[in-house]
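Colleague: I would like a close look at the nonpolar core of this model and at the parts that lie around it. Please take it piece by piece and keep to what the coordinates support.

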Amino acid sequence: MEHTYSVGSNPVVYDSQHLHVLFAGESQTLPLHQAGPKIYDYFLLHFIESGFGTFRTEERKYELGPGDCFLIHPGQLVSYLSDEDQPWRYRWAAFTGTDADALVLQAGFTPQKPVLSTLEGSAFPGAMAGMMRAFYAGKESAHLTSLGYLYLIVGEAAELLLSSSRLPGAESQVKRTVKQMIHYMAAQYAHPVSIEQMCASLGYNRAYLSRIFKQETGLSPVTYLLKLRIEKSRQLLRERPELSVEQVAASVGLTDALYFSRQFKRLCAQSPTSYRITTARHGEKK
């Protein structure tokens, strides 16, 4: 068996960016090829394409094979050894940056859980190969391209790791669904979206979602969305005096200015115009 090794480096030099892929490579290792024990000052992700080997952290040892990946965390003493009979072929990518820790945590990787088994059709090998191709091309845009591939990898990891660590049972499912509803409304309130559209996008019927939402928050989805819009409109009325009431209404997803004014008065006990005058006069942030 022939030993092969190739690596491509990011043509954009790392200079304290929020997130930066340093290099990506691939190798067919020889039997009993060992790296470490050593520590790295960046994250180093390996994906095993074929063969077998052992990955050791300070806590434990992992026997790994095709489709498995392992993430080395900065400052962790690690070593990895290829199998004597079927040495592994793997791809790797190194990344760093001020946001790297948060990204890894978001994906569900921790020093105590550094290993992941991917499913058939995984994006990992293609994304790592894409990073190498981008780096070999030597264009400055390769920096952004490599980040796109890194997010694809992290997205898949998050789906696999976090879904396996979720608590079973209806209660946790309900809480997750209500969180999705809140996120949806927070992202979409500026558009004239409806509760029906939200329910359709989440794949549940309206009666069920309304019931669990009220159970968790004490409000119906309709009331929650309206209160969110009115709260956002108060901010615009205070901070953007050049906007008309109609423009404020449209900016929070309510195209009927009369309906907006009526609901504003119902919830705030004064009209949008009066609210703007009062806050401007007193400098209060109500």
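Modeller: What follows starts with the core, moves to individual residues beside it, and then turns to the helix packing and some backbone details.

The model is a predicted one, and what I describe below should be read with that in mind. The largest nonpolar core has 32 residues, and those with the most contacts inside it are Leu45, Phe95, Phe109, Leu116, Phe124, Met131 and Leu150. Strands and helices both contribute to this core, since at least two residues each are supplied by strands S2 (20–28), S4 (43–50), S7 (68–72) and S9 (89–96) and by helices H1 (100–107), H2 and H3 (142–165). Helix H3 gives the most to this core, with nine residues. As a general background, nonpolar side chains tend to be buried together in soluble globular proteins.

Leu45 gives a view of how such a core residue is surrounded. Leaving aside neighbours within four places in sequence, Leu45 is in contact with Cys69, Phe70 and Leu71, with Arg91, Trp92 and Ala93, and also with Phe109, Phe124, Met128 and Ile153. A second, separate core of 29 residues includes Ile195, Met198, Leu226 and Phe264.

Leu161 lies in helix H3, and at 4% relative accessibility this residue counts as buried, because the limit for that class is under 20%. When residues up to four places away in sequence are not counted, Leu161 touches Ala107, Gly108, Phe109, Lys113, Val115 and Leu116. For one of these partners a backbone distance is available: the C-alpha atoms of Leu161 and Val115 are separated by 9.3 Å, although the two residues are 46 residues apart along the chain.

Thr118 sits in the loop between strand S10 (115–117) and helix H2 (124–137). With a relative accessibility of 14%, Thr118 also counts as buried, and its side chain reaches the backbone oxygen of Gly67 at 2.7 Å. Beyond its neighbours within four places in sequence, Thr118 is in contact with Phe47, Gly67, Phe124, Glu156 and Leu160. Phe124, one of these partners, is also listed among the residues with the most contacts inside the largest core.

Two helix pairs come next. Helix H6 (residues 206–217) and helix H7 (residues 221–239) pack at an angle of about 65°, with their axes 9 Å apart, and that makes H6 roughly perpendicular to H7. Arg206, Leu209, Ser210 and Phe213 of H6 make this contact together with Pro221, Val222 and Tyr224 of H7. By class, the residues of the contact of H6 with H7 divide into five nonpolar, one polar and one charged.

Helix H7 also meets helix H9 (257–268): the axes of H7 and H9 come within 10 Å and cross at roughly 95°, which makes H7 roughly perpendicular to H9. On the side of H7 the contact is made by Leu226, Lys227, Ile230, Ser233, Arg234 and Leu237, and on the side of H9 by Tyr259, Phe260, Gln263, Phe264, Arg266, Leu267 and Cys268. These residues divide into eight nonpolar, two polar and three charged. Leu226 and Phe264 of this contact are also included in the second core.

The remaining details concern the backbone. A cis peptide bond, with omega about 5°, joins Gly36 and Pro37, and Pro37 is found in strand S3 (residues 34–38). Both residues are touched by Ser79, whose contacts, apart from neighbours within four places in sequence, are Gln34, Ala35, Gly36, Pro37, Thr54, Phe55 and Arg56. Ser79 belongs to strand S8 (residues 78–82) and counts as buried at 9% relative accessibility.

Positive phi values in residues other than glycine appear at Leu32, where phi is near 60°, and at Ala269, where phi is near 65°. Leu32 is placed in the loop between S2 and S3 and counts as partly exposed at 46% relative accessibility. Ala269 is placed in the loop between H9 and helix H10 (272–282), and Ala269 is exposed, with a relative accessible area of 68%.

Key:
Residues numbered from 1 in each chain as written. Predicted model: local features only at pLDDT ≥ 70, side-chain atom pairs only at ≥ 80, totals over all residues. Heavy atoms only, no water. Helix = DSSP H or I, 4+ residues; strand = E, 2+ residues; numbered from the N terminus. Buried < 20%, exposed > 50% of the residue type's maximum accessible area, 1.4 Å probe, protein only. Polar contact = N/O pair within 3.5 Å; in protein donor to acceptor, adjacent residues only side chain to side chain. Contact = heavy atoms within 4.5 Å. Axes fitted to C-alpha atoms, helices over the stretch in contact; angles between N-to-C directions. Parallel < 35°, antiparallel > 145°, perpendicular 65-115°, else oblique. Nonpolar A, V, L, I, M, F, W, Y, C, P; charged D, E, K, R; others polar. Core = buried A, V, L, I, M, F, W, Y, C linked by side-chain atoms within 4.5 Å.
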